[in-house]
Amino acid sequence: MPILVDIRKLTIIGKLIQHGAKNVASSLSTMAGIEADVKIKSLSFVQPSDIATEMGDGEMYHASIRLTEPPYGVFVMTFDDQTAATIAEEMTGQPVEGELNQMHESALQEICNILTSGFIDGIANTLETTIDMQTPTLERDSTETIAEETVSHVQMDSLSIVLDSLVDLADEDTEFKLHIFLIPDPGSFVNIIDKLDIEEIREKDSLSDVHDRESAF
């Protein structure tokens, strides 16, 4: 049976994603000293069986975690070799010549930790809860392997939220692209969404915007 979400609640899903992206930017600043603007370029929904197609062909770097609290499910972040090199060079100050060295890989792992925890914590803050999760492990595999490992942990009636995001580094002509897959447990996710009030979320957003403007002075 396919997952069913009230169409009026789709705005809430968008808000959750926006808050996740905003918290990523905050985490990059406080934990890595990187000032960046994190933009969600597109948001779409696909069946788990279509994840491999969404990822594209070839090999990708990826970091995935299982969520051990509602909405449960799996979070997967993928990026290509060019993005990996861009992040590694930005973090270490060392150019990538051919393959990544140990320092590059350590820097990538650290950024993956910040990005994944920042995104999930941003969603949890909006839900006024905590979401326990594992530490992601950075790996490089074919998109078929990544998708197979991801789908093996979820129900086939799940809904995959697919995000194309862009991290634009402030004061530098540097940006990198990330592909994010959030595959929650269908029953838990629908239950959470049904309980959320979009007007309350909008009110909190308004108060947050006022606070941000006041902090800028």
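**View 1. Strands 2 and 3 side by side in the predicted model.** Strand 2 and strand 3 run antiparallel, and 6 bridges hold the two together. This is a predicted model, so please read every close-up here with that in mind. To get your bearings, look for Ile 65, whose bridge partner in strand 3 is Phe 75. Phe 75 is buried, at 0% relative accessible area. As a reminder of the basics, strands of a sheet pair through backbone hydrogen bonds, in either a parallel or an antiparallel way.

**View 2. The other neighbour of strand 2.** Strand 2 also pairs with strand 4: again the two run antiparallel, joined by 6 bridges. Which residue of strand 4 is the bridge partner of Met 60? That would be Asp 141.

**View 3. The whole sheet.** Pull back a little and you get an open sheet of 6 strands in the order 1-5-6-3-2-4, with antiparallel pairing. Strand 1 (36–46) and strand 4 (137–142) are the edge strands, each pairing on one side only. From one strand to the next, the twist averages 25 degrees. Helix 1 (residues 10–32) packs on this sheet, where it touches strand 1 and strand 5 (160–169). The direction of helix 1 makes about 150 degrees with that of strand 1.

**View 4. Helix 3 across the strands.** Helix 3 (residues 81–92) lies across strand 2, strand 3, strand 4, strand 5 and strand 6 (174–183). Its angle to strand 6 is about 120 degrees.

**View 5. Tyr 61 on Phe 79, one of 2 aromatic pairs.** The structure holds 2 aromatic pairs. Here the ring centres of Tyr 61 and Phe 79 sit 5.8 Å apart with the planes at 10 degrees, so this pair is stacked. It links distant parts of the chain, with Tyr 61 in strand 2 (residues 59–66) and Phe 79 in strand 3 (residues 74–79), 18 residues apart. Are these rings buried or exposed? Tyr 61 has 13% relative accessibility and counts as buried, and Phe 79 is buried too, at 3%. The cut-off behind that call is a relative accessible area under 20%.

**View 6. Phe 75 and Phe 119, a tilted pair.** Back to Phe 75, the bridge partner of Ile 65. The rings of Phe 75 and Phe 119 have their centres 5.6 Å apart and their planes at 40 degrees, so the pair is tilted. A plane angle under 30 degrees would count as stacked and one over 60 as edge-to-face. This pair also links distant parts of the chain: Phe 75 is in strand 3 and Phe 119 in helix 4 (residues 102–127), 44 residues apart. Phe 119 has a relative accessible area of 1%, so it is buried, and Phe 75 is buried at 0%.

**View 7. A charge over the Tyr 61 ring.** Stay with Tyr 61 and find Arg 140, which lies over the face of that ring, 5.8 Å from the ring centre. Tyr 61 is the residue stacked with Phe 79 in the earlier view.

**View 8. Backbone oddities in the loop between strand 2 and strand 3.** Most residues other than glycine have a negative phi, and most peptide bonds are trans. Now look at Pro 70 and Pro 71: a cis peptide bond joins them, with omega at about 15 degrees. Pro 71 belongs to the loop between strand 2 and strand 3, and Tyr 72 is found in that loop as well. Tyr 72 is not a glycine, yet has a positive phi of about 55 degrees. With a relative accessible area of 37%, Tyr 72 is partly exposed.

**View 9. Glu 128, a positive phi after helix 4.** Glu 128 is placed in the loop between helix 4 and strand 4. It has a positive phi of about 55 degrees without being a glycine. Is it buried or exposed? At 61% relative accessibility, Glu 128 counts as exposed.

**View 10. Zooming out for context.** The protein has 7 helices and 6 strands, and along the sequence they follow the pattern α-β-α-β-β-α-α-β-α-β-β-α-α. Of the 217 residues, 47% are buried. Among contacts with a separation of 6 or more, 74% are between residues 24 or more positions apart. The protein exposes about 11,400 Å², with carbon and sulfur atoms supplying 47% of it.

Technical notes
Residues are numbered from 1 along each chain as its sequence is written. This is a predicted model: local features need pLDDT of at least 70, side-chain atom pairs count only at pLDDT 80 or more; totals for chains, interfaces and linings use all residues. Side-chain values use heavy atoms; hydrogens and water are left out. Rings of Phe, Tyr and Trp (its six-membered ring) pair if their centres lie within 6.5 Å; planes under 30 degrees apart count as stacked, over 60 as edge-to-face and the rest as tilted. Helices (H or I, at least four residues) and strands (E, at least two) are DSSP runs, numbered from the N terminus. Buried means under 20% relative accessible area, exposed over 50%, partly exposed in between (1.4 Å probe, protein chains only). A charge sits over a ring if NZ of Lys or CZ of Arg is within 6 Å of the ring centre and within 35 degrees of the ring normal. Two strands pair if DSSP finds at least two bridges between them. Axes are lines fitted to C-alpha atoms, for helices over the stretch in contact, and angles run from 0 to 180 degrees between N-to-C directions. Contact means heavy atoms within 4.5 Å. Accessible areas come from the Shrake-Rupley method with a 1.4 Å probe; for residues, only the protein chains shown count as cover.
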